[in-house]
Amino acid sequence: MAIMRSVVLKAPIAGLPEPGDFTFADSDIPALKDHQFLIQHAIVSVDPGVRSRLSATGASYAPPIPPGARIDGFIVGQVTDSRNERFPVGTWVTTGGGWASHSIGDGRGYIMPLPDNGLPRSLWLGILGIPGMTSWFGLKRVGAMREGAHVLVTSAAGVVGATAGQLAKAWGAASVVGIAGGKDKCDWLVRECGFDAAIDYKGTDDLAGAIAAASPKGVDLLFDNVGNAMIDTVLPLMRFNGHIVVSGQVADYSVPHDQRAGIINTAEFIAKRLTMRGMVVFDDIPQFAAAQAEMGAMIREGKLVYREELFDGLDQLPEAFCGLFTGANFGRRLVRLGDA
Ligand SMILES: NC(=O)c1ccc[n+]([C@@H]2O[C@H](COP(=O)([O-])OP(=O)(O)OC[C@H]3O[C@@H](n4cnc5c(N)ncnc54)[C@H](OP(=O)(O)O)[C@@H]3O)[C@@H](O)[C@H]2O)c1
């Protein structure tokens with residue numbers, strides 16, 4: 001019988017994740033039932049939001065991942081066996097197949113056959129996948145993005161942040177400023193992604209002062225991927241009727257809930273009539289295809305750029321993931337298991 005290999009959690013994680021927190025499990029690939037199909041994974045993603053589900057007390061919209069269970073991740077793969085006529089053998093798909101060599105789908109939930117748009121299939125895990133959709137709908141639906149807005153993006157060199165900043169520019173932002181760790185990331189944001197300025201938060205003791213200097217008129221739209229301390233720093237710099245998009249909390253995921261920074265500058269909400277709103281991008285699935293078609297065209301025209309970091313082999317997944325929380329990644333981290 002054929003075997004599938006998965007990466008599983010050893011025990012709930014406290015603090016920053018380490019590769020030793022994960023182990024591997026082999027299991028038989030079961031016989032397919034009606035409507036099921038087998039997907040052989042070619043590329044697997046590592047996603048920072050998964051960290052919030054690896055502690056004993058998860059604080060996520062999705063349940064904690066228990067010890068022994070496969071870690072969640074998105075995949076691009078090909079159907080190699082099928083009892084579902086909508087997904088015949090040979091179909092390329094993207095879905096949440098997890099950190100594993102194979103998964104079994106039944107066509108329900110987040111799964112998409114991949115159109116041939118002339119772009120690498122890996123993009124369905126990055127700029128055209130869940131991260132890119134987070135940027136698009138975070139700005140448009142949650143952040144009420146409008147022409148002339150002064151936009152600030154945090155964790156700006158990540159795929160969500162870099163894409164959000166570029167889309168904001170394309171949609172007529174008056175200014176786009178990014179915050180990222182290190183000179184290389186900041187240089188890339190300005191030179192390649194067209195940000196007006198980028199702030200290296202690791203290189204300043206006065207982040208609020210640096211933001212005020214880079215965005216002297218203030219901030220209409222904060223697209224935040226980092227967490228409470230960042231939002232609290234930016235609140236006094238928000239403009240009247242400003243919007244804060246709570247996309248992610250990468251600085252907070254590894255910190256126990258009772259030790260996280262709070263937000264104290266709440267008086268700004270009253271004085272400036274601010275709106276802060278969280279998002280879960282899966283709410284926007286019915287609108288993904290139209291956004292993906294527009295973004296695909298922008299990529300082909302050179303109007304949107306992206307970076308990827310490719311690892312090879314299932315055993316690299318833990319290391320690829322852990323680097324997300326030290327700033328080691330520079331672009332979307334993906335692990336290649338086969339040709340795509
Ligand atoms: N709400 C939704 O539906 C949704 C969907 C998908 C993703 N997200 C969220 O979107 C965010 C960005 O995702 P992504 O895939 O593009 O990942 P990402 O931004 O590349 O995340 C990793 C980066 O986070 C930064 N980081 C790590 N620890 C930090 C800390 N303590 N303080 C500040 N920055 C830190 C590092 O960049 P530096 O080197 O710049 O520090 C690191 O390279 C994540 O928070 C994710 O959870 C939300």
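This short presentation covers the two domains of a protein chain, the interface they share, and the cysteines.

Good morning, colleagues. Please bear in mind that the model is predicted.

I begin with the division of the chain. Domain 1 comprises residues 3–126 together with 307–336, and domain 2 comprises residues 130–282. Taken over C-alpha atoms, the centres of domain 1 and domain 2 lie 28 Å apart.

I turn now to the interface. On the side of domain 1, 22 residues make contact, and they meet 16 residues of domain 2. About 1,500 Å² is buried between domain 1 and domain 2, with 68% of that area on carbon and sulfur atoms. Which three residues supply the greatest part of the area that domain 1 buries against domain 2? They are Tyr61, Gly126 and Phe330, which supply 30% of it, more than any other three residues.

As for polar interactions, 4 residue pairs are in polar contact between domain 1 and domain 2. The side of domain 1 that touches domain 2 is made up of 11 nonpolar, 8 polar and 3 charged residues. Salt bridges across this interface number 0.

Finally, the cysteines. A disulfide is a covalent bond between the sulfur atoms of two cysteines. How many disulfides does a search of the whole structure find? The search finds 0. Why does Cys193 form no such bond? The closest cysteine sulfur, in Cys186, is 11 Å from the sulfur of Cys193, which is too far for a bond. Cys193 is also buried, because its relative accessible area is 7%, under the cut-off of 20%. Cys322 likewise counts as buried, at 7% relative accessibility.

Thank you for your attention.

Definitions and conventions:
Residues numbered from 1 in each chain as written. Predicted model: local features only at pLDDT ≥ 70, side-chain atom pairs only at ≥ 80, totals over all residues. Heavy atoms only, no water. Domains from an automatic or database assignment. Contact = heavy atoms within 4.5 Å. Buried area = accessible area lost by both parts, 1.4 Å probe. Salt bridge = Lys/Arg side-chain N within 4 Å of Asp/Glu carboxyl O. Polar contact = N/O pair within 3.5 Å; in protein donor to acceptor, adjacent residues only side chain to side chain. Nonpolar A, V, L, I, M, F, W, Y, C, P; charged D, E, K, R; others polar. Disulfide = S-S within 2.5 Å. Buried < 20%, exposed > 50% of the residue type's maximum accessible area, 1.4 Å probe, protein only.
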